[in-house]
Amino acid sequence: MLPFPLRIQPGLPISEQLVYAVKKAVISGLLKPGSKFPSVRAVSQELRIHPNTAHKAIAVLVGEGLLEVHPGIGTVVGQIPAAPTEKELKLLEGEVERLVVEAKNRRLRLDDLQRIVKQQWNRLTGE
Amino acid sequence: MSCRFGKVEAVRNLTLAVLAGSIYAFLGTNGAGKTTTIKTLLNLIKPDSGTARVLGADSTLLGPRELAQIGYVSENQELPERLTVKQLIAYCRSLYPTWDESLCRRLTEKFALPADRPMKGFSRGMKIKAALLVSLAYRPQLLLLDEPFSGLDPLVRDDLIQGMLELSEQENWTVFISSHDIEEVERLADHVGIIDSGVLTLSESSENLRTRFRRVDAILEEGATASPALFKDGLLPEVSGSTIRWVESHYVNDEELGSRIKAWLPDCRAWTGTPLTLREIFISLTRAQRAASPLSL
């Protein structure tokens, strides 16, 4: 069994969906820093996806530091750095802009948006 | 290549490349030309024109050496039914120098086949499992599967897929799998081709295919009308009152599609784009293709 849930949906590349599922599992604490992450083979077998697809997703996660490869041990969940860098905050700008545009289009006010962001934050992270 | 049987052109000017290391799903309705293509790749049929190259060799020159690196399982698989699975394994083991005994044991366990009963009494699912077992155990470089899942229950299909993935740690392992039911190969395949009436209508990475289609529903302002001719790039346009629906085949993102819709339909009040499953994409493409070139069957 994989240590994170994933239901594959139409419309998006499977590797992107896999990356997202792992990120979500990390922030919710389902995947603990330092714990072992399944191999490409295990991910491919469990999800019945092409090994190249699993490989691609894991490579992205390693590139972003969410997973770490330790020779002889395998892949483990990376440590979450304490504070985000300016560069990491910049990466989110596009997503935030989209969120503001959608919210404004639906006639939401800023405090409505803040409220639902906070709800999701609490739901996903348990904070 | 092209293949004809009498007056029927089963495969017409097919040009197709399957990359080493990919799992290629070759989709088409019954009679589309899938089996003919696969049989050509195995030198069971000679193309009437053109050539097929398999593992670097012309398909009409395939000899025992190349065939020992190809696994083949078809819907109408014939097995020596008087034999038991144990006897079948013993027989095949002696034929293939690359036979992997430990893989064979793992697959036997996974497929839960009775070892000592003649296969004559086996269900369809058990027979296909036995055929796949002896085709995987010699670790072929190329696996050709012709409708392996048709008529099988979901559990057996899942066993077969898991069995195939047992080979996945092997370098440059290529699978060419034909099917009329897309769902079963949707996750597995990294490349997809669609053939209809002998003509290849599409061949691309499944990542691309998954992302570039949306069903669009656009609602116009009261009283406004639009002609479906506006959407010559969209598939299967339908107009009903002030609602227009079509399948968008070059979707990039909502922003880009939104600006195109605005240009086409200044009277558009609202629109939504819904992702399509591979099955819906297959149906839309095949219908659109047939609407564009009605066949004289």
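This is a short dialogue on reading a predicted model with two chains, A and B.

Me: Where do I start with chain A? How many helices and strands does chain A have, and in what order do the elements run?

Reply: Start with the element count, then the order. Chain A has six helices and three strands. From the N terminus, its elements run α-β-α-α-β-β-α-α-α. Along the principal axes, the C-alpha trace of chain A spans about 50 × 35 × 25 Å.

Me: And what does chain B contain?

Reply: Chain B comes to nine helices and 14 strands. Its C-alpha atoms fill a box of roughly 75 × 40 × 35 Å along the principal axes.

Me: How do I read burial over a whole chain? What share of each chain counts as buried?

Reply: Look at the fraction of residues that pass the burial cut-off. In chain A, 18% of the 127 residues count as buried. In chain B, 35% of the 297 residues do.

Me: What about contacts between residues that lie far apart in sequence? What percentage join residues at least 24 apart?

Reply: Take the contacts between residues at least 6 apart in sequence, then ask how many of those span at least 24. For chain A the share is 55%. For chain B it is 73%.

Me: Now the helix pairs. How are α1(A) and α3(A) oriented to each other?

Reply: Read the angle, then the distance, then the handedness. The axes of α1(A) and α3(A) are 8 Å apart, and the angle is about 45°. The two helices are therefore oblique to each other. Their crossing is right-handed.

Me: Which residues make that contact?

Reply: From α1(A) come I14(A), S15(A), L18(A), V19(A) and V22(A). They meet T53(A), K56(A), A57(A), V60(A) and L61(A) of α3(A). By class, that is seven nonpolar, two polar and one charged.

Me: Take a pair in chain B. Are α4(B) and α5(B) roughly parallel or roughly antiparallel?

Reply: Use the angle again. Helix α4 (residues 101-111) and helix α5 (residues 124-136) of chain B pack at about 165°, with axes 9 Å apart. An angle over 145 degrees counts as roughly antiparallel, so α4(B) is roughly antiparallel to α5(B). This crossing is right-handed.

Me: What meets what there?

Reply: L103(B), L107(B), T108(B) and F111(B) in α4(B) meet K129(B), L133(B) and L136(B) in α5(B). The contact has five nonpolar, one polar and one charged residues. Follow L133(B) for a moment. Beyond its neighbours within four places in sequence, L133(B) is in contact with L107(B), T108(B) and F111(B).

Me: How do I read a nonpolar core? Which residues touch the most other members?

Reply: First, the general idea. In soluble globular proteins, nonpolar side chains tend to be buried together. Now the case here. The largest nonpolar core has 84 residues. Those touching the most other members are A25(B), A130(B), L133(B), L144(B), V175(B) and I177(B). The largest share of this core comes from α5(B), with seven residues.

Me: How do the two chains meet? How many residues of each are in contact?

Reply: Count both sides, then ask which elements supply them. Here 16 residues of chain A contact 15 residues of chain B. On the chain A side, α2 (40-47) and α3 (51-63) are the elements that give two or more residues. α2(A) gives the most, with four. By class, this side has eight nonpolar, six polar and two charged residues.

Me: Show me one residue that touches the other chain. What does I8(A) touch?

Reply: Leave out residues up to four places away in sequence. Then I8(A) touches I14(A), Q17(A) and R187(B). I8(A) sits in the segment before α1 (14-27) of chain A. I8(A) counts as partly exposed because it has 15 C-beta neighbours inside 10 Å. I8(A) and L47(A) are 39 residues apart in sequence, yet 8.9 Å apart C-alpha to C-alpha.

Me: Last one: positive phi. Where is R139(B), and is S197(B) buried or exposed?

Reply: Check that the residue is not glycine, then find its place. R139(B) has a phi near 45°. R139(B) lies in the loop between α5 and β7 (142-146) of chain B. With 17 other C-beta atoms within 10 Å, R139(B) is partly exposed. S197(B) also has a positive phi, about 45°, and is not a glycine. S197(B) lies in the loop between β9 (191-196) and β10 (199-205) of chain B. S197(B) counts as buried, with 21 C-beta neighbours inside 10 Å.

Methods. Residues numbered from 1 in each chain as written. Chains lettered and ligands numbered in written order. Predicted model: local features only at pLDDT ≥ 70, side-chain atom pairs only at ≥ 80, totals over all residues. Contact = placed C-beta atoms within 7 Å. Nonpolar A, V, L, I, M, F, W, Y, C, P; charged D, E, K, R; others polar. Axes fitted to C-alpha atoms, helices over the stretch in contact; angles between N-to-C directions. Parallel < 35°, antiparallel > 145°, perpendicular 65-115°, else oblique. Left-handed = near helix turned anticlockwise from the far one by under 90°. Buried ≥ 20, exposed ≤ 12 C-beta atoms within 10 Å, placed from the backbone. Core = buried A, V, L, I, M, F, W, Y, C linked by C-beta atoms within 7 Å.
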